[in-house]
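Here are some short exercises for you to try with the model open in your viewer. Work through each task on your own, then compare your steps with the solution.

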Amino acid sequence: VPDNSPYIVAAYAITWLAVIVYGLRLRRTRAEAERRLANARQSAGGAA
Amino acid sequence: MGVSTVDVTVAPALREESRAGWVAVAGAVLLVAAQAYGVLTSPPDRDMGHLQKIMYVHVPAAWNAFIAFFVVAIASLRYLWKGRTRDDLLAAAAAEVGALLTGLTLALGMLWGKPAWGVWWTWDARLTSTAVLFFMFLAYLILRAFVEDPERRAQWSAVVGLLGALNVPIVYMSVRWWRTLHQVQSSPATLDASYTWPLRANAIAVMIILIGFIAHRYRSSVIAQAADDLLDRAALAEGRSRA
């Protein structure tokens, strides 16, 4: 059986890359949503 | 008055923020342990040697993508039935995570296919149906990004989501229904016993990450939706006071 280590390492690396990058993206999305809500509350307060 | 209504709606989402995040982190920690367990304890396969270890990332990604699309189907049906915005947001969250996992499944499959079959890609029924599934959910996400009317976006998304989810049984059964280069489904019935528990452990870890990701994405959408509703109400109130 040939040495397939590069494929195995690449598979695990891609998996973790996907998990970490998407996890960080979720955090950014969350922070953005909270900022939008805070701005909306301010605007609504101003309007009222 | 509008502010307090939104606060009541959003408060649970804000409270549960850290819970969803911690679920994903717990899943990631479990995934490290499950991968170590699989890589260190399972013997090399008779034909593929250590290349078999790719199964512990490829198969859990595929199984959990199927679970995500099941959530899309249920939430889409509920939306079409009851018209609740939250079901639409849940379907969208699950579709996004499902698309990520399907893309990962395809990439990992190619990394397994090249050394095992000698090619990165072949138009075999399993690979092709998985690619169709992936592109259907990419189309779903693109549709959501481009349709501005929320009601129309939710209705169209629900229909595309249901059609996409209908493809899941076809993907799963493709290795039985057609002659494929891809092996039959990995399950305790088709696997050596020494691979079964590491595979289950990895699948459970990815499932916990899946739950954390979907919950996190869903709650972000609920908060963004509440912000939009609040702005709409404020604009309406301003318009009335001017009139």
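**Exercise 1. A loop residue**

Where in chain B does B:Arg84 lie? Keep in mind as you look that this is a predicted model.

Solution. Step one is to place the residue: B:Arg84 belongs to the loop that sits between H3 and H4 of chain B. Step two is its accessibility. The relative accessible area of B:Arg84 is 42%, and values between 20% and 50% count as partly exposed, so B:Arg84 is partly exposed. Step three is a distance check: B:Met136 is 52 residues away from B:Arg84 along the chain, and 23 Å separate their C-alpha atoms.

**Exercise 2. The two chains**

Describe the make-up of each chain, using helices, strands, extents and burial.

Solution. Begin with chain A, which has one helix and zero strands. Its C-alpha trace spans about 75 × 5 × 5 Å along the principal axes. Of the 48 residues in chain A, 31% are buried.

Now turn to chain B, where you will find seven helices and zero strands. Its pattern along the sequence reads α-α-α-α-α-α-α. A box of roughly 80 × 35 × 25 Å along the principal axes holds the C-alpha atoms of chain B, and 47% of its 243 residues are buried.

**Exercise 3. Two helices that meet**

Work out how H3(B) and H4(B) are oriented towards each other.

Solution. First take the axes: those of H3(B) and helix H4 (residues 85-117) of chain B come within 7 Å and cross at roughly 155 degrees. Next apply the cut-off: angles over 145 degrees count as roughly antiparallel. The two helices, H3(B) and H4(B), are therefore roughly antiparallel. For handedness, H3(B) passes H4(B) in a left-handed crossing. Finally, sort the residues of this contact: 20 are nonpolar, eight are polar and three are charged.

**Exercise 4. Aromatic pairs**

Count the aromatic pairs, then classify B:Phe66 with B:Tyr172 and B:Phe137 with B:Tyr140.

Solution. Two quantities are needed, because a pair of aromatic rings is described by the distance of the centres and the angle of the planes. Ring centres within 6.5 Å make a pair, and the count over all chains comes to eight aromatic pairs.

For B:Phe66 and B:Tyr172, the centres are 6.4 Å apart and the planes make an angle of 80 degrees, which gives an edge-to-face pair. B:Phe66 is in helix H3 (residues 55-82) of chain B and B:Tyr172 in helix H6 (residues 150-177) of chain B, so this pair ties together parts 106 residues apart in sequence. As for accessibility, B:Phe66 is buried at 17%, while B:Tyr172 is partly exposed at 34%.

The rings of B:Phe137 and B:Tyr140 give 5.9 Å centre to centre and 45 degrees between the planes, a tilted pair. Both residues lie in helix H5 (residues 125-146) of chain B, three residues apart, about one turn of the helix. B:Phe137 is buried, with a relative accessibility of 0%, and B:Tyr140 is buried with a value of 0% too. To finish, add B:Phe69: together with B:Phe137 and B:Tyr140 it forms one aromatic cluster.

**Exercise 5. Charges over rings**

Which rings have B:Lys82 and B:Arg200 over their faces?

Solution. Take B:Lys82 to begin with: it lies over the face of B:Trp81, at 5.0 Å from the ring centre. B:Arg200 lies over the face of B:Trp197, at 4.7 Å from the ring centre.

Note on methods
Residues are numbered from 1 along each chain as its sequence is written. Chains are lettered from A and ligands numbered from 1 in the order in which they are written. This is a predicted model: local features need pLDDT of at least 70, side-chain atom pairs count only at pLDDT 80 or more; totals for chains, interfaces and linings use all residues. Side-chain values use heavy atoms; hydrogens and water are left out. Rings of Phe, Tyr and Trp (its six-membered ring) pair if their centres lie within 6.5 Å; planes under 30 degrees apart count as stacked, over 60 as edge-to-face and the rest as tilted. Helices (H or I, at least four residues) and strands (E, at least two) are DSSP runs, numbered from the N terminus. Buried means under 20% relative accessible area, exposed over 50%, partly exposed in between (1.4 Å probe, protein chains only). A charge sits over a ring if NZ of Lys or CZ of Arg is within 6 Å of the ring centre and within 35 degrees of the ring normal. Axes are lines fitted to C-alpha atoms, for helices over the stretch in contact, and angles run from 0 to 180 degrees between N-to-C directions. Angles under 35 degrees count as roughly parallel, over 145 as roughly antiparallel, 65 to 115 as roughly perpendicular and the rest as oblique. A crossing is left-handed if the near helix is turned anticlockwise from the far one by less than a right angle, and right-handed if clockwise. Ala, Val, Leu, Ile, Met, Phe, Trp, Tyr, Cys and Pro count as nonpolar, Asp, Glu, Lys and Arg as charged, and the others, Gly among them, as polar.
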